[in-house]
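Subject: Structure handover

Hello,

Here is the structure for your files. Please look it over alongside the notes underneath.

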Amino acid sequence: MESVFEIVAEPNRRAILSLLAGSQQSVGELERQLGMTQPTVSKHLRVLREGGFVESTVDAQRRLYRLKPASLQELDEWLAPFRRFWSVHMDALERHLDRMHPSTPTKGKPQRRKRRGPNRERDKGETK
């Protein structure tokens, strides 16, 4: 049995997981969106199903696959320290940008920029 990391290391499997994160899909739908053959999609789905990442249900004559988010828990736990690392750096960047532009409006109606160039007359209500 492959590890969680070996399973998601394969780019086609990650693409399938990304599509299934949006909605459940049939093999044919995945095939069309990914430009892969049916046997290739089925092979990757089998690995994902055996790894606990996806499950399937039967709908008339098609099998629909959907993501099992609980299976991503091990990845989430592994990524946690890295997420904290980036959080600290992103917070520092945000503070730095705030110091650079302290007058940036954060509430209320967004300010409209004046147009420059040949189309500025249209801003005054004139048509071209």
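The notes cover the nonpolar core, one helix packing and the aromatic pairs.

This is a predicted model, in which local features need pLDDT of at least 70 and side-chain atom pairs count only at pLDDT 80 or more, while totals for chains, interfaces and linings use all residues. Residues are numbered from 1 along each chain as its sequence is written, and side-chain values use heavy atoms, with hydrogens and water left out.

The core first. The largest nonpolar core (buried Ala, Val, Leu, Ile, Met, Phe, Trp, Tyr and Cys residues joined through side-chain atoms within 4.5 Å) has 18 residues. Those touching the most other members are Leu 17, Leu 20, Leu 45, Leu 48, Phe 53 and Val 54. Two or more residues each come from helix 1 (4–9), helix 2 (11–22), helix 3 (27–34), helix 4 (38–50) and strand 3 (62–67); helices (H or I, at least four residues) and strands (E, at least two) are DSSP runs, numbered from the N terminus. Helix 4 gives the largest share, 4 residues.

Beyond its neighbours within four places in sequence, Leu 45 is in contact (heavy atoms within 4.5 Å) with Ile 16, Leu 20, Val 27, Leu 30, Val 54 and Tyr 65.

Next, helix 2 against helix 3. Their axes (lines fitted to C-alpha atoms over the stretch in contact, with angles from 0 to 180 degrees between N-to-C directions) are 11 Å apart, at an angle of about 115°. Helix 2 contributes Ala 15, Ile 16, Leu 19 and Leu 20 to the contact, and helix 3 contributes Leu 30, Gln 33 and Leu 34. By class, these residues are 6 nonpolar, 1 polar and no charged (Ala, Val, Leu, Ile, Met, Phe, Trp, Tyr, Cys and Pro count as nonpolar, Asp, Glu, Lys and Arg as charged, the others, Gly among them, as polar).

Last, the aromatics. The whole structure holds 2 aromatic pairs (rings of Phe, Tyr and Trp, the last by its six-membered ring, with centres within 6.5 Å; planes under 30 degrees apart are stacked, over 60 edge-to-face, the rest tilted). Phe 5 and Trp 78 are edge-to-face, at 5.4 Å centre to centre and 65° between the planes. Phe 5 is in helix 1 and Trp 78 in helix 5 (residues 73–100), so this pair ties together parts 73 residues apart in sequence. Trp 78 and Phe 82 form a tilted pair, at 5.0 Å and 45°. Phe 5, Trp 78 and Phe 82 thus make one aromatic cluster.

Regards

Methods
Buried < 20%, exposed > 50% of the residue type's maximum accessible area, 1.4 Å probe, protein only.
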